[in-house]
Amino acid sequence: MLLNMVSLPFVLYHVYQWHVWSLMANLLILPVFSWLIFPVTLIGGLLGLKFPVVAQLCTHLLGWFTQGLDTIAHFPGMITFGKPHIVLVVLLVGLTLVLLTRHRQRTVIIALAVTYAASFLMIHYPVKGEVTFFDIGQGDSFMIREPYGKQITMIDTGGDVFFGGHQVKKRSRALRLNINYMQSMGIHRIDALCLSHQDADHVGFVGDVLKTMAVKRLYIPWGMAANPQFMQRIRPNLNQTQLISVRAGQTILART
């Protein structure tokens, strides 16, 4: 548990998120790794080349273990903390190391709690707003964040274009650009996601945004809801998102 506490500031600095089940998962993985994963890997490596059946069996066992971890990762409890300042990271690590010495533990625990809380509040409730343009390539995407995080608006998501039937980029850049930046700023929700038109370079990543972020309202141009390909792409990820079609100053709720 203390090792997890020492690593937590580094995890937040690089990943920006922390799952409340990660501590329990790590405690469970330690004995399982020693009793199951390491022996299975060793047996598969030594006997797999000569006995393919053994290799296949070991592969299935490791695959089931990975699926179990993925299942735990999808449990509710993911906290988007944001990226703490490097000074706070050093302070948090230092306080945790002092806690390991068991010297004035109560004072150190209070100091840790206050530092984490202050860092969280600084990230999630900034005094100033911001307008951020994402370098997504050919398409456009930008975010408007009001002071103290009162309202988060995203206009277009960007997307990969197709030339001659081939996709320019096979891996979604939204996960490492738009979404990655927003999570580093402690943003896990979007109050209004506005799509200007249905070209792939402007809305191609809408599925990734809906899947990763909690989007309250999705605004689309009038008639876009009649596009079956577009609706097929977003419908599985709408969840609690309100889909709103806009026409000539009117706002009409589209039924999906």
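**A few notes on this predicted model**

1. Tyrosine 148 sits in the loop that runs between strand E4 (142–145) and E5. Keep in mind that this is a predicted model. The phi angle of tyrosine 148 is near 60°, so we have a positive value in a residue other than glycine. As for cover, tyrosine 148 counts as partly exposed, because its relative accessibility is 43%, which falls between the 20% and 50% cut-offs.

2. Asparagine 239 is worth a look alongside that tyrosine. Its phi is near 50°, again a positive value in a residue other than glycine. Most residues other than glycine have a negative phi. You'll find asparagine 239 in the loop between helix H9 (228–234) and strand E10 (242–247). Asparagine 239 is exposed, because its relative accessible area is 64% and the cut-off for exposed is over 50%.

3. Now for an acidic residue out of the open. Where is aspartate 156 found? Aspartate 156 is in the loop between strand E5 (152–155) and strand E6 (162–163). Aspartate 156 is buried, yet has no salt bridge. The nearest side chain of opposite charge belongs to arginine 233, and that one is 10 Å away. Leaving out residues up to four places away in sequence, aspartate 156 touches Asp140, Ser141, Phe142, Cys194, Leu195, Ser196, His202 and Val203.

4. On to histidine 19, which is part of strand E1. Is histidine 19 buried or exposed? Histidine 19 is buried, because its relative accessible area is just 8%, and buried means under 20%. If you set aside neighbours within four places in sequence, the contacts of histidine 19 are Ile72, Ala73, Phe75, Pro76, Gly77 and Met78. There is also a link to tryptophan 21: a polar atom of the histidine 19 side chain lies 3.1 Å from the backbone nitrogen of tryptophan 21.

5. Tryptophan 21 turns up again on the surface. Together with Met1, Val20, Met24, Leu27, Leu28, Phe75 and Ile79, Trp21 forms a nonpolar patch there, with about 740 Å² of accessible area in total. Phe75, one of the patch residues, is also among the contacts of histidine 19. Which helix gives the most to the nonpolar patch? That is helix H2 (residues 22–47), with 3 residues.

6. Last, a word on valine 20, another member of the patch. Valine 20 lies in the loop between strand E1 (17–19) and H2. Valine 20 counts as partly exposed, because its relative accessibility is 38%.

How values were computed
Residues are numbered from 1 along each chain as its sequence is written. This is a predicted model: local features need pLDDT of at least 70, side-chain atom pairs count only at pLDDT 80 or more; totals for chains, interfaces and linings use all residues. Side-chain values use heavy atoms; hydrogens and water are left out. Patches are made of residues with over 30% relative accessible area and no salt bridge: like charges are joined within 9 Å, nonpolar side chains (Val, Leu, Ile, Met, Phe, Trp, Tyr) within 5 Å. Accessible areas come from the Shrake-Rupley method with a 1.4 Å probe; for residues, only the protein chains shown count as cover. A salt bridge is a side-chain nitrogen of Lys or Arg within 4 Å of a carboxyl oxygen of Asp or Glu. Helices (H or I, at least four residues) and strands (E, at least two) are DSSP runs, numbered from the N terminus. Buried means under 20% relative accessible area, exposed over 50%, partly exposed in between (1.4 Å probe, protein chains only). Lys and Arg count as positive and Asp and Glu as negative; His and the chain ends are not counted. Contact means heavy atoms within 4.5 Å. A polar contact is a pair of N or O atoms within 3.5 Å; within protein, one must be able to donate a hydrogen and the other to accept it, and residues adjacent in sequence count only if both atoms are side-chain atoms.
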